[in-house]
Amino acid sequence: MKGWVVGGTIVVIIVIGAIVYLMLSSHGIGITPGGPTSPASQVYVYLTDKTMKVDHLYVIINEIAFHNEGGGNNTWITCSLTKTSFDLAQLVNTSQLAAQCSLTNGTYNIIRLYVTGVQAVVNGQTYNCTLPSGRFEVPLGPSPMVVNGTSYDVTVDFGAVNSVVITGNGKCVVVPVIHVSVKRHS
């Protein structure tokens with residue numbers, strides 16, 4: 001029975017400890033074994049993303065035109081296309097002639113491209129894609145192109161291969177970030 005009296009004291013301490021533990025736990029405070037001398041555990045958080053391989057990104061362009069700055073808002077010179085469908089996935093780090101234009105002397109400040117369709121082949125599956133707009137008007141460089149008998153190369157970088165988004169319901173959206181560079185033809 002002597003042990004019970006001592007045990008009674010121990011039982012009271014255990015009961016008080018259990019009550020404190022339950023109160024702390026209910027407030028989201030945890031007690032870990034080993035106390036403050038335990039070494040902290042390291043948690044490493046990694047981020048990853050599934051790569052999407054665009055096998056082909058076919059863009060159908062039905063018209064390319066340049067705006068003559070001195071001719072008013074409606075002065076657009078249309079170019080003759082050499083091809084109407086282009087696989088942008090095959091044009092990474094290379095280029096392909098899309099149109100040859102005969103421009104009269106003047107100052108040209110905008111190129112306009114009419115895209116009538118986009119089709120992507122992603123991981124072997126074909127998607128008909130939508131664009132935010134079928135007509136893209138992009139300024140020519142930091143300054144307009146002055147045509148006065150000089151030939152120019154205008155390179156349009158769609159930036160679309162990395163802008164293909166396949167939604168959860170299987171729809172394809174392409175949001176190109178178009179850049180244009182102009183240099184004298186060599």
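1. Starting with a strand detail: Thr130 sits across from Val173 in S12. S7 and S12 run parallel and are joined by two bridges; strands here are DSSP E runs of at least two residues, numbered from the N terminus, and a pair needs at least two DSSP bridges.

2. Some ground rules: this is a predicted model, with local features needing pLDDT of at least 70 and side-chain atom pairs pLDDT 80 or more, while totals for chains, interfaces and linings use all residues. Numbering runs from 1 along each chain as its sequence is written, and side-chain values use heavy atoms, leaving out hydrogens and water.

3. On its other side of the pairing list, S7 is antiparallel to S6, with five bridges. Val122 has Gln125 in S7 as its bridge partner. The S6–S7 hairpin has two residues between the strands, and Asn123 there takes a positive phi near 50 degrees.

4. Now the core. The largest nonpolar core (buried Ala, Val, Leu, Ile, Met, Phe, Trp, Tyr and Cys joined through side-chain atoms within 4.5 Å; buried is under 20% relative accessible area with a 1.4 Å probe, protein chains only) has 32 residues, and Leu57, Ile61 and Phe158 are among those with the most contacts inside it. S6 gives the largest share of this core, seven residues.

5. What does Phe158 touch, not counting residues up to four places away in sequence? Its partners are Ile61, Leu88, Leu113, Val115, Pro176, Val177 and Ile178, with contact meaning heavy atoms within 4.5 Å.

Terms used: Buried means under 20% relative accessible area, exposed over 50%, partly exposed in between (1.4 Å probe, protein chains only). Helices (H or I, at least four residues) and strands (E, at least two) are DSSP runs, numbered from the N terminus.
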